[in-house]
Amino acid sequence: METSRIEELKISYEELKKDAQRMQKKGLPFMMASVIIWSMIFGIQFLNIAMVKRNLLTFTCSVLLMPLAYAFSKLVKADILKKSNNPVNKLGFLFTMNQMLYILIVMWAYSRNPESMLMLYAMVFGAHLLPFGMIYDSRAYYVTSVTETIGAMIINLMWGSRFTTLFMIIMQIIISISLFTDIRKADKVES
């Protein structure tokens, strides 16, 4: 392939990414929703109920992701439900669905090793953020993904599930602030 054609494709790819970043606001509504969800999971850790029931309640919190993300999308003026022919948006959806495959590991832990379920849930959540760094041109996703995955394991092994969920809340607040800052900078450049 000749150099000019490669440059042409590269420019088109970058334009598609920028379009996805503008429309989705770099995934900020989902990160904001995750702050609420991890906060709920934190509260669940204080309930005086059997571990299996706490784990079940933890799983059910994820049902709120889309309604919360939709509410936050209205707040930050993102369009997370818009049908798009942009292949970068479709790739982002594929990356999200990939997490569902890893949830099978968490489901195994739910029945076989309930004490480890929350740690694995946090690790899967953190790990699934990695490819969004490429889509959204955001170092915050790369750093958060690695930090949450490794941090959740270490913190859970050393201090338990309460500290793990608190760590996840703090990390999600940090990435939300970072993404918000990136979006504001991009908006200023465009205007």
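Which helix holds Asn 98? Asn 98 is found in helix 5. The close-ups below come from a predicted model.

**Figure 1. Asn 98 in helix 5.** The residue shown, Asn 98, counts as partly exposed, because its relative accessibility is 32%. His 128 is the second residue of the view. Asn 98 and His 128 stand 30 residues apart along the sequence. In space, their C-alpha atoms are 7.6 Å apart.

**Figure 2. The largest pocket and its lining.** The volume of this pocket is about 1,000 Å³. Its lining counts 36 residues. Closest to the centre of the pocket are Phe 30, Met 66, Phe 93, Thr 96 and Met 97. Six elements each give two or more residues to the lining: helix 1 (3-24), helix 2 (28-44), helix 4 (65-76), helix 5 (87-112), helix 6 (114-128) and helix 7 (132-135). Helix 5 provides the largest share, 10 residues. By class, 22 lining residues are nonpolar, 11 are polar and three are charged.

**Figure 3. The second largest pocket.** Here the volume is about 190 Å³. Lys 18, Gln 21, Arg 22, Lys 25 and Lys 26 are among the lining residues. The lining also includes Asp 137, Asp 182, Ile 183, Ala 186, Asp 187 and Glu 190. Helix 1 and helix 9 (161-190) supply at least two residues each. Helix 9 gives the most, with five residues. Eight residues of this lining are charged, two are nonpolar and one is polar.

**Figure 4. Two loop residues with positive phi, Lys 26 and Asp 137.** Both residues belong to the lining of the second largest pocket. Lys 26 sits in the loop between helix 1 and helix 2. Its phi is near 55°, a positive value in a residue other than glycine. Lys 26 is buried, because its relative accessible area of 10% is under 20%. Asp 137 sits in the loop between helix 7 and helix 8. The phi of Asp 137 is also positive, near 50°, and this residue too is not glycine. Asp 137 counts as partly exposed, at 35% relative accessibility.

**Figure 5. Helix 4 and its buried face.** Helix 4 has 12 residues. At 1.5 Å a residue it should span 16 Å, and its end C-alpha atoms are 16 Å apart, so the two values agree. Which residues of helix 4 are buried? They are Ala 69, Phe 72, Ser 73 and Val 76. Seen down the helix axis, these buried residues fall within an arc of 110°, so they line one face of helix 4. An α-helix has 3.6 residues a turn, so residues three or four places apart point the same way. The buried residues of helix 4 pack against helix 2. Lys 74 and Leu 75 are exposed on the other side of helix 4. Lys 77 follows helix 4, with a positive phi near 60°. Helix 4 is also one of the elements that line the largest pocket.

**Figure 6. Pro 114 in helix 6.** Is Pro 114 buried or exposed? Pro 114 is buried, because its relative accessible area is 15%, under the 20% limit. Leaving aside neighbours within four places in sequence, Pro 114 is in contact with Met 51, Asn 55 and Ala 109. Leu 56 is a further reference point for this view. Pro 114 and Leu 56 are 58 residues apart in sequence. Their C-alpha atoms are 10 Å apart in space.

**Figure 7. Asn 156 and its contacts in helix 8 and beyond.** Asn 156 lies in helix 8, residues 139-159. Asn 156 is buried, with a relative accessible area of 12%. Which residues does Asn 156 touch, not counting those up to four places away in sequence? They are Glu 115, Leu 118, Met 119, Gly 151, Ser 161 and Thr 164.

Notes:
Residues numbered from 1 in each chain as written. Predicted model: local features only at pLDDT ≥ 70, side-chain atom pairs only at ≥ 80, totals over all residues. Heavy atoms only, no water. 1 Å grid on protein atoms, 1.4 Å probe; cavity = no way out; pocket = protein on both sides within 12 Å on 5 of 7 lines; lining within 4 Å. Points joined across faces, edges and corners; volume = space filled by probe spheres on them. Helix = DSSP H or I, 4+ residues; strand = E, 2+ residues; numbered from the N terminus. Nonpolar A, V, L, I, M, F, W, Y, C, P; charged D, E, K, R; others polar. Expected span 1.5 Å × (residues − 1). Buried < 20%, exposed > 50% of the residue type's maximum accessible area, 1.4 Å probe, protein only. Arc of directions from axis to C-beta. Contact = heavy atoms within 4.5 Å.
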